[in-house]
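Colleague: Hi! Could you walk me through this one? I'm new to reading structures, so plain words please.

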Amino acid sequence: MSSPHIRRENNSVQRVMAHVLVALVPGIAAYVWQVGAGILVNLAIATLVALAAEAAILALRKRPIAITLTDGSAVVTAWLIALALPSIVPWWLTTIAVLVGIVGAKHLYGGIGQNPFNPAMAAYCTMIVAYPALMSQWPAVGNTDFATQLSLILGGTREIDGLTGATALDAMRTGLRKHEAVSAILANKTAFGAFGGRGWEWIVGGYAVGGLFLLWRRIITWHQPLAFIAGLGLTAALFWVIMPDRFPSPLFHLASGGAMLGAFFIVTDPVTSASTPLGKIIFALGVGIIAWLVRTFGVYPEGVAFGVLLMNIAVPLIDRKTQPSVFGEREEKRP
Amino acid sequence: MSYLFVVLGAVLVNNVVFVRILGLCPFMGVSKKTETAVGMGLATTFVLTLASGTSYLIDHYLLVPFGIAYLRTLSFIVVIAAIVQLTELVIHKTSPVLQQVLGIYLPLITTNCAVLGIPLLSAGLDYGLLESLLFGFGSAVGFTFALILFAGIRERLEGADVPAPFRGVPIAMMTAGFMSLAFMGFAGLDRFH
Amino acid sequence: MSASRFAHLFHFHGGIKPASHKTESNGVPIRAVPLPERLVVPLIQSSRGGARTIVTVGDKVLKGQCIGEAEGKAGTAIHAPTSGTVKEIGRYPMAHPSGLESLAIVIEPDGEERWFEYERLDPEHASREDLILRIQASGIVGMGGATFPSHIKVDNAIDTLILNGAECEPWITCDDRLMRERAADVLTGATLLGRLSGAKRIVVAIEDNKPEAIAAMRAAVRAEELSDKDESEGIEVVPVPARYPQGGEKQLIKVVTGIEVAAGKLATDYGVQCFNVGTAHAVCRALVHGEAMVSRIVTVTGNVERPGNYEVLLGTRVADLLALAGVKPDTDRTLMGGPMMGFTLPSAEAPITKGSNCVIAASPTLFPHRPPEQPCIRCGSCARACPVELQPFELYWHSRAKNFDKAGEYHIFDCIECGCCAFVCPAHIPLVDYFRFAKSEMRAKNEERKAAEQARARFEFRSFRLEREKAEKAARLAAKAAETRAAMAAAQSSEPKADPS
Amino acid sequence: MLTALLVMAGITLALGLALGYAAVHFHVDGNPLAEQIDAILPQTQCAQCGFPGCKPYAEAVASGAAEINLCTPGGDDGAKKLAELLGREFKPRGVQEEKLKTVAQIDEQTCIGCTLCIQACPVDAIVGSAKQMHTVVSAICTGCELCLPPCPVDCIALIEEPRTPQNWRWKYPRTGLRVVS
């Protein structure tokens with residue numbers, strides 16, 4: 001055994017993952033309060049499937065099970081998947097999504113730390129491409145009780161026009177495609193609250209609080225959240241200033257869909273994000289801009305996940321091209 | 001503006017590899033290292049642009065006037081193959097630098113499916129000469145783009161503890177699949193006006 | 001004293017603040033060690049060249065007498081640590097992580113401690129060349145651990161001399177005690193080094209967690225000023241913030257002068273040079289008192305009853321030293337050097353050498369074993385801690401996959417192996433181990449490549465020579481044949497035609 | 001139908017003529033490949049591949065006359081590099097231990113000064129003259145073993161280079177994780 005012979009105390013991957021889980025709690029609490037406890041069932045299903053899948057693969061590959069299973073990364077992925085999917089998707093959809101994420105996107109690449117694609121977002125994108133209908137049925141806020149949600153999750157018939165509601169993003173895009181003005185859409189629909197989706201504002205706020213907690217505990221750095229918010233917000237602001245009736249405001253973009261979850265929990269994933277300071281900024285900026293493009297012009301309702309996957313592709317190149325200069329190199333470059 | 005959409009559409013939205021699923025052999029074969037990926041990309045850009053232009057001319061001035069458009073595939077293959085061979089010979093003799101950069105890749109793509117597919121597609125799309133050239137060029141840039149990004153990921157994957165049955169081409173295929181999935185996000189972006 | 005020119009210190013990137021653990025050993029004055037039964041003095045004690053033995057078994061030697069002559073320009077001499085008899089010249093385990101053996105001279109002390117009398121030099125009047133030669137002959141090397149020969153280092157014209165009293169490694173306090181107790185000698189050595197290298201100013205840099213040492217050195221500077229020597233003018237004691245690896249040469253130069261010494265360059269290229277306080281002290285002993293380097297201060301600490309600093313004769317076995325300090329029973333290994341950069345001693349039989357600044361008895365409670373390695377999650381903590389601003393997680397990724405070309409691209413040879421990255425890693429990856437592995441493999445590959453180049457050139461030349469010889473031989477034969485033919489033809493033609501018909 | 005035939009024939013004829021002209025006019029000689037292969041070979045000149053040195057083997061590989069996995073000192077690593085360079089399939093050389101570098105050493109008591117080993121050495125690493133004992137310059141010796149068979153008195157042995165702190169190598173860290181690559 002060689003140096004160093006001492007290590008920082010109380011420092012482990014488990015601790016990092018535990019912090020992320022704790023930081024998700026405010027958002028989940030708001031979710032339960034505003035939308036209903038169905039999400040808890042989905043979270044539980046996702047967690048169980050994730051742990052079981054991970055354990056099975058580790059056993060198959062004859063790798064130490066306990067240490068990897070307890071590092072908490074599978075649980076984080078599971079929770080992010082559950083939070084990204086509509087909370088009333090049937091149990092088998094959650095299961096498939098988690099399997100895609102944990103097995104396909106993570107363990108086929110060698111497990112934690114080696115996957116190029118964000119497992120949660122890879123799972124989400126696969127699901128939205130494979131099951132577009134199910135993936136666009138969200139519980140109408142304040143309109144579904146837990147029993148209904150549970151029956152839907154367990155595979156109950158989905159004769160549920162009154163139970164599902166359009167999300168703020170959906171309502172906005174449907175209106176815009178009919179060439180309605182933004183102000184008119186906001187005034188007419190019940191999907192909107194003060195600045196985002198009705199009820200969802202609380203959840204989004206919960207995510208933001210959790211994100212600030214992670215920043216405070218130095219689990220994440222400011223680069224990605226700030227750059228993501230700048231990428232999405234500034235692009236939205238630019239178009240909104242020019243044509244406020246055709247493009248919704250930056251605040252609306254940031255407060256709806258997966259923007260806040262993405263800003264603090266997805267683009268900050270250390271494994272699949274760029275790792276150099278400049279790289280982190282480029283990465284998250286790119287995710288923000290692509291998210292806006294997909295939301296505004298694309299065929300899919302939410303762009304954050306596609307933005308993340310697309311930028312994941314570019315990460316090795318970004319990292320390579322943004323290597324900070326090493327000690328003494330700056331002097332060299334100086335004439 | 002519409003020319004810009006032709007290029008952008010070909011680069012991102014209808015990316016030749018990820019959306020049209022063309023040119024997979026060089027995409028898998030020459031993507032182990034970023035340097036070779038760049039070389040291959042440049043060679044493809046060169047050949048594809050050239051091929052688009054020539055096939056447009058052949059199509060427009062020979063095949064269509066004589067009413068033998070059904071011979072497109074055949075004649076395109078012949079023409080493209082010959083032109084690439086010709087270019088290779090000329091480059092080999094005249095420019096050692098270009099030979100170094102493109103030389104070894106040119107024979108590889110003489111008639112790969114992307115090089116043949118793009119001119120065929122553009123003939124079906126009723127593009128003019130400039131549009132055909134731009135379409136060929138844009139598709140090739142999209143190919144280069146895909147190849148370089150893919151090579152970056154593959155270089156990193158070299159250090160990953162990928163399960164034995166998935167090492168090498170299988171995991172590369174998986175990765176290409178996820179990349180393709182990601183590019184689906186661009187769907188619809190070229191239709192906005 | 002004039003106002004400090006160092007009101008503004010510079011900052012180096014990264015670094016860590018481990019628990020310092022200095023108080024265990026810095027409270028007690030430096031103690032002497034009773035003469036051991038025998039002393040094992042390795043012939044190689046410098047990073048740049050060894051010594052050639054000039055004694056034979058049975059020789060009587062005096063304390064400080066040269067027993068190993070400097071080999072080449074870079075070599076440094078070895079001296080008898082005490083008076084006695086040469087018992088053996090053989091291979092002994094050395095204080096090196098490999099646990100390899102090296103040639104050493106074993107001396108049995110006679111207990112008289114009689115010094116060998118060198119011809120005295122007057123440092124005030126002797127020539128610069130003589131003084132530098134005396135430094136080499138006295139066997140002085142860098143005592144911070146790097147053991148670079150001081151006579152080479154001092155033979156460079158510089159502007160600023162930094163006296164390194166930072167001692168940033170946790171647990172080690174030998175420089176601290178040395179400065180507290182022998183400040184005047186340290187200062188004299190530093191001024192001599194400064195004079196030899198033409199330095200206009202001398203900066204004594206001490207981490208601010210050693211207020212007593214700072215005070216002692218300041219008092220020594222004041223005393224020097226009172227004695228009215230003109231050299232005292234450019235000397236200043238500068239407290240630097242306690243942050244590991246503050247005492248790293250490049251980091252300290254950056255903090256004091258703002259200069260970043262680039263990879264492949266030397267501090268002297270920028271007109272700066274660092275000397276350890278221990279080295280300065282040794283220079284003073286050698287030039288002023290005529291004593292060759294035969295001992296050094298060693299911190300013995302960790303899991304021992306009586307931690308502290310000892311003045312140890314070179315060649316004393318680590319085991320003897322540990323016995324003196326009273327090792328506690330749950331000790332499971334011995335570290336040489338500090339906990340950040342030191343190594344586990346393969347054998348406590350290894351002797352103390354010129355670079356051994358600290359011996360730590362380690363127990364699982366004081367120095368817990370590393371938890372199992374987990375996969376890297378690219379969190380970037382290591383990059384934030386790296387004082388050389390490398391990307392250790394990338395280096396790790398490529399070193400682990402034995403992808404050495406890539407590791408080289410990410411500047412693996414700039415790594416100073418300070419251990420900050422491994423200290424902060426949440427996945428408990430022994431990053432430095434991977435880097436050392438990659439570096440030594442890369443060095444070996446490089447050597448192989450050079451050897452292959454040489455072999456190729458020699459083979460091609462041989463083939464060429466053989467061809468040439470063959471051609472020459474053929475030419476010779478042809479010439480000879482032609483000659484004979486010509487001679488025969490001539491003989492034939494000169495022969496009188498017997499029968500002209 | 002006839003037009004089609006004529007047009008196609010015209011196209012192919014024109015292209016064929018152009019290609020034929022170019023093939024003659026733009027012909028280039030030389031094979032830089034052998035040099036690149038030679039650069040990868042370890043230059044021990046041991047001839048264990050069956051060719052009289054590294055350069056001849058490189059030329060044979062370049063022309064396709066030899067397999068890429070014949071080089072013993074280069075090992076699997078070298079074969080892999082060749083496979084990469086040539087775009088050929090890598091074939092492992094089978095199980096082999098990584099050998100420490102060895103150098104030849106002549107037992108000077110036994111040596112009779114026959115100079116046979118000197119003639120065998122591909123890198124001129126053995127010095128001495130007839131009837132005088134010979135010695136190996138170990139810094140140059142590649143450990144190729146070619147001097148062993150000619151020696152009539154078996155006075156040459158290969159010895160491992162002694163381990164010193166200079167050539168000692170750090171081990172690959174042993175951890176719970178599997179070694180990749």
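Colleague: In the hairpin of strand 15 and strand 16 of chain C, which residue takes a positive phi?
Modeller: That's Gly337(C), with a phi near 90°. The hairpin has six residues between its two strands. Keep in mind that this is a predicted model.

Colleague: Cool. How many bridges join strand 15 to strand 16 of chain C, and do they run parallel or antiparallel?
Modeller: Two bridges join them, and the strands run antiparallel. One pair to look for is Met336(C) with Phe343(C), its bridge partner in strand 16 of chain C.

Colleague: And what about strand 15 and strand 17 of chain C, how many bridges there?
Modeller: Four bridges, again in the antiparallel sense. Strand 15 of chain C covers residues 333-336, and strand 17 of chain C covers residues 358-362.

Colleague: Which residues in strand 17 of chain C are the bridge partners of Met336(C) and Leu335(C)?
Modeller: Met336(C) has Val359(C) as its partner there, while Leu335(C) has Ile360(C). So Met336(C) has a bridge partner in strand 17 of chain C and another in strand 16 of chain C. As a general rule, side chains in a regular strand alternate between the two faces of the sheet.

Colleague: What is the order of the strands in that open sheet of chain C with six strands?
Modeller: The order is 1-14-13-17-15-16, and the pairing is mixed. Strand 1 (31-32) and strand 16 of chain C are the edge strands, each pairing on one side only.

Colleague: Which strands of that sheet does helix 4 of chain C touch?
Modeller: Helix 4 of chain C, residues 174-181, packs on the sheet and touches strand 13 (295-302), strand 14 (308-313) and strand 17 of chain C. The direction of this helix makes about 125° with that of strand 13 of chain C.

Colleague: I also see an open sheet of three strands in chain C. What's its order?
Modeller: That one goes 3-5-6, with antiparallel pairing. Its edge strands are strand 3 (51-53) and strand 6 (78-79) of chain C. Strand 5 of chain C, residues 66-70, is joined to strand 6 of chain C by two bridges. If you want a spot to click on, Cys66(C) stands opposite His79(C) in strand 6 of chain C.

Colleague: Nice, found it. Now chain C against chain A: how many residues does each give to the contact?
Modeller: Chain C gives 43 residues and chain A gives 32 residues. On the chain C side, strand 16 (343-344), helix 13 (420-424) and helix 14 (431-494) each supply at least two residues. The largest share, three residues, comes from helix 13 of chain C.

Colleague: And by class, how many residues on that side of chain C are nonpolar, polar or charged?
Modeller: There are 28 nonpolar, eight polar and seven charged residues.

Colleague: Let's move to chain A. How many helices and strands does it have?
Modeller: Chain A has 16 helices and two strands. Its C-alpha trace spans about 65 × 55 × 30 Å along the principal axes. For 335 residues, a compact globule would have a radius of gyration near 20 Å, and chain A agrees with that at 21 Å.

Colleague: What share of chain A is buried?
Modeller: 59% of its 335 residues count as buried. As for contacts between residues at least 6 apart in sequence, 73% join residues at least 24 apart.

Colleague: Which domains is chain A divided into?
Modeller: Domain 1 (12-165) and domain 2 (168-319). Their C-alpha centres lie 20 Å apart. Across the boundary, 32 residues of domain 1 of chain A are in contact with 31 residues of domain 2 of chain A.

Colleague: Which element gives the most to the side of domain 1 that touches domain 2 in chain A?
Modeller: Helix 1 of chain A does, with 13 residues. By class, that side of domain 1 of chain A has 23 nonpolar, nine polar and no charged residues.

Colleague: Last one, over in chain B: is Phe76(B) buried or exposed?
Modeller: Phe76(B) is buried, because 23 other C-beta atoms lie within 10 Å, and the cut-off for buried is 20 or more. You'll find Phe76(B) in helix 4 (residues 72-94) of chain B. Beyond its neighbours within four places in sequence, Phe76(B) is in contact with Ser55(B), Leu116(B), Pro119(B) and Leu120(B).

Notes:
Residues numbered from 1 in each chain as written. Chains lettered and ligands numbered in written order. Predicted model: local features only at pLDDT ≥ 70, side-chain atom pairs only at ≥ 80, totals over all residues. Contact = placed C-beta atoms within 7 Å. Nonpolar A, V, L, I, M, F, W, Y, C, P; charged D, E, K, R; others polar. Rg over C-alpha atoms; globule rule 2.2 N^0.38 Å. Buried ≥ 20, exposed ≤ 12 C-beta atoms within 10 Å, placed from the backbone. Pairing = 2+ DSSP bridges. Axes fitted to C-alpha atoms, helices over the stretch in contact; angles between N-to-C directions. Domains from an automatic or database assignment.
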